[in-house]
Amino acid sequence: MLERRQHPRGRVYYGGMIAFNARNSTLDCIVRNFSQGGAKIEFENSAILPDRIDFEVVRRRLSCLARPVWRDHNTAGLMFCGEHDMSSVVPLEWARKLRASERSNRRLKSRLNQLLNEF
């Protein structure tokens, strides 16, 4: 079999997460092999993967954009996009905290408006 990868992949067993749809949709995954340029992941349903995803592996402190280059029933091969420019990608945990803060802020503003209207 012809090896087309630029970087050899090592076998690993990491927990990972993919996000898409403006980070509104997330899926947990298992990273089965990993290299500088990509990874093989396993999860429940690869049919719902879009062409561009946010990929995060906390254990490796990696958060980057990726694109699926092949798909199978419950596995996919990812190629990292812009792996050297990680500063533009917000970690998923930060995005979740920001979203929770924005929801809390909207509730507080609504309650404040309600109290002001009572007076």
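## A barrel tour, starting at Arg23

Select Arg23: at 14% relative accessibility, this residue counts as buried (buried means under 20% relative accessible area, exposed over 50%, partly exposed in between, with a 1.4 Å probe and protein chains only). Arg23 sits in the loop between β1 (10-20) and β2. Check its backbone too: phi of Arg23 is near 65°, a positive value in a residue other than glycine.

Some ground rules before moving on. This is a predicted model, where local features need pLDDT of at least 70 and side-chain atom pairs count only at pLDDT 80 or more, while totals for chains, interfaces and linings use all residues. Residues are numbered from 1 along each chain as its sequence is written, and side-chain values use heavy atoms, with hydrogens and water left out.

**From Arg23 to Asp54**

Now show the side chain of Asp54. It meets the side chain of Arg23 in a salt bridge at 3.0 Å, N to O (a salt bridge is a side-chain nitrogen of Lys or Arg within 4 Å of a carboxyl oxygen of Asp or Glu). The pair links distant parts of the chain, since Asp54 belongs to strand β4 and Arg23 to the loop between β1 and β2, 31 residues apart. Is Asp54 buried or exposed? Asp54 counts as buried, at 15% relative accessibility.

**Zoom out to the fold**

Switch to a cartoon view. You should find 1 helix and 6 strands (helices are DSSP runs of H or I with at least four residues, strands are runs of E with at least two, and both are numbered from the N terminus). Along the sequence the pattern reads β-β-β-β-β-β-α.

In what order do the strands close into a barrel? Trace β1-β2-β3-β6-β5-β4, with antiparallel pairing among the 6 strands (two strands pair if DSSP finds at least two bridges between them). Neighbouring strands of this sheet are turned by 45° against each other on average, direction ignored. Axes here are lines fitted to C-alpha atoms, for helices over the stretch in contact, and angles run from 0 to 180 degrees between N-to-C directions.

**Where β1 meets β4**

Select β1 and β4, which pair in the antiparallel sense over 3 bridges. Within that pairing, look for Ala19 opposite Asp54 in β4. Asp54 is the salt-bridge partner of Arg23 that you met above.

Next, add helix α1 (residues 92-118): it packs on the sheet, touching β1, β2 and β4, and its direction makes about 25° with that of β1. Contact here means heavy atoms within 4.5 Å.

**Along β2, β3 and β6**

Colour strand β2 (residues 25-34) and strand β3 (residues 38-42). They pair in the antiparallel sense over 4 bridges, and a hairpin of 3 residues joins β2 to β3. Phe34 stands opposite Ala39 in β3.

Stay on Ala39 and look across to strand β6 (residues 75-81). β3 and β6 pair in the antiparallel sense over 5 bridges, with Ala39 opposite Leu78 in β6.

There's another charged pair between β2 and β3. The side chains of Arg32 and Glu42 meet in a salt bridge at 3.3 Å, N to O; Arg32 is in strand β2 and Glu42 in strand β3, 10 residues apart. Arg32 counts as partly exposed at 32% relative accessibility, and Glu42 is partly exposed too, at 26%.

**Around β5**

Select strand β5 (residues 62-71), which holds Val69. Val69, Trp70 and Met79 make a nonpolar surface patch of about 250 Å². Patches are made of residues with over 30% relative accessible area and no salt bridge, where like charges are joined within 9 Å and nonpolar side chains (Val, Leu, Ile, Met, Phe, Trp, Tyr) within 5 Å. Val69 is partly exposed, with a relative accessible area of 42%.

Which residue forms a salt bridge with Arg71? Pick Asp51: the closest N and O atoms are 3.7 Å apart. Arg71 lies in strand β5 and Asp51 in the loop between β3 and β4, so the pair ties together parts that are 20 residues apart in sequence. Arg71 is partly exposed at 39%, while Asp51 is exposed at 60%. The structure holds 3 salt bridges.

Last residue to click: Arg61, in the loop between β4 (53-57) and β5. Phi of Arg61 is near 55°, a positive value in a residue other than glycine. At 80% relative accessibility, Arg61 counts as exposed, whereas Arg23 counts as buried.

**Whole-protein view**

Turn on the surface to finish. The accessible surface comes to about 8,700 Å², and 50% of that belongs to carbon and sulfur atoms (areas come from the Shrake-Rupley method with a 1.4 Å probe; for residues, only the protein chains shown count as cover). Buried residues make up 33% of the 119 residues.
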